[in-house]
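Thanks for sharing this one. Here are my notes, point by point, to read with the model open beside you.

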Amino acid sequence: MEECIINTPLGFTKITGDDDGISNVTVLNSEENITEIIPEVLEDAVYQLNEYFNGEREQFNLKLNPEGTDFQQTVWKALQQIPYGKTCSYLELSKTLGDVKAIRAVANANGKNPLWIIIPCHRVIGSDGSLTGYAGGIHRKKWLLDHENPYKQLSFF
């Protein structure tokens, strides 16, 4: 398993993967040493994440290999169907998966997403539009949603 650490607008980010695909992308809450030589199997992930943060990429095209239960894998696949710049609620996601009563299980699987940004769990919000829990912190979730918003809010002050 190879890994690297890059710096993003939201903090230092650790990427892990091998020939089977990217298995983990995690934002860190501490300052880390940036990897000078990116392992070959992670180069494309680093490139695509940089494009995303530069506003040049809306979809990722990477071989993914996250570890999780069958249910988590199902939820993570559904998350990848939420378009860039759009959001959905946990309730809507539960309905999409065919079981409105599974809302807590869906929220739990969403929170265990090991592929930060690439599997866009940040696009799931509360039914009332609130920015509910986010493993990377609500401030990062807000930043990501603002970054993806096609209607940028201008500041007059």
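Which residues of helix α5 (residues 138-148) are buried?

1. **Helix α5.** Please bear in mind throughout that this is a predicted model. In α5, the buried residues are Arg140, Lys141, Leu144, Leu145, His147 and Glu148. They sit on the same side of the helix, because the arc they cover around the axis is only 160°. If you follow that buried side outward, its packing partners are β3 (21-27), α1 (43-53), α3 (90-96) and β5 (124-125).

2. **Order of elements.** Stepping back, the protein contains 5 helices and 5 strands. Reading from the N terminus, their order is β-β-β-α-α-β-α-α-β-α.

3. **Overall dimensions.** The C-alpha trace spans about 50 × 45 × 25 Å along the principal axes. For 157 residues, a compact globule would have a radius of gyration near 15 Å, and the 16 Å found for this protein agrees with that.

4. **Burial and contacts.** Of the 157 residues, 44% are buried. Taking contacts between residues at least 6 apart in sequence, 56% of them join residues at least 24 apart.

5. **Surface and charge.** The exposed area comes to about 9,300 Å², with carbon and sulfur atoms supplying 48% of it. There are 14 positive and 21 negative charges, and the mean positions of the two sets are 12 Å apart.

6. **Val100.** You will find this residue in the loop between α3 and α4 (103-111). Is Val100 buried, exposed or partly exposed? Its relative accessible area is 40%, so Val100 counts as partly exposed, since that class lies between the 20% and 50% cut-offs. Apart from neighbours within four places in sequence, Val100 is in contact with Leu91, Ser94 and Lys95. Trp143 is 43 residues from Val100 along the chain, and the C-alpha atoms of the two are separated by 29 Å.

7. **Ile117.** This is a residue I would look at in the backbone. Where is Ile117 found? It belongs to the loop between α4 and β5. Its phi is near 70°, a positive value in a residue other than glycine. As a reminder, most residues other than glycine have a negative phi. With a relative accessible area of 2%, Ile117 is buried, whereas Val100, in the loop between α3 and α4, is partly exposed.

Technical notes. Residues numbered from 1 in each chain as written. Predicted model: local features only at pLDDT ≥ 70, side-chain atom pairs only at ≥ 80, totals over all residues. Heavy atoms only, no water. Buried < 20%, exposed > 50% of the residue type's maximum accessible area, 1.4 Å probe, protein only. Helix = DSSP H or I, 4+ residues; strand = E, 2+ residues; numbered from the N terminus. Arc of directions from axis to C-beta. Contact = heavy atoms within 4.5 Å. Rg over C-alpha atoms; globule rule 2.2 N^0.38 Å. Areas by Shrake-Rupley, 256 points an atom, 1.4 Å probe, with all protein chains shown as cover. Lys, Arg positive; Asp, Glu negative; His and termini not counted. Charge placed at Lys NZ, Arg CZ, Asp CG, Glu CD.
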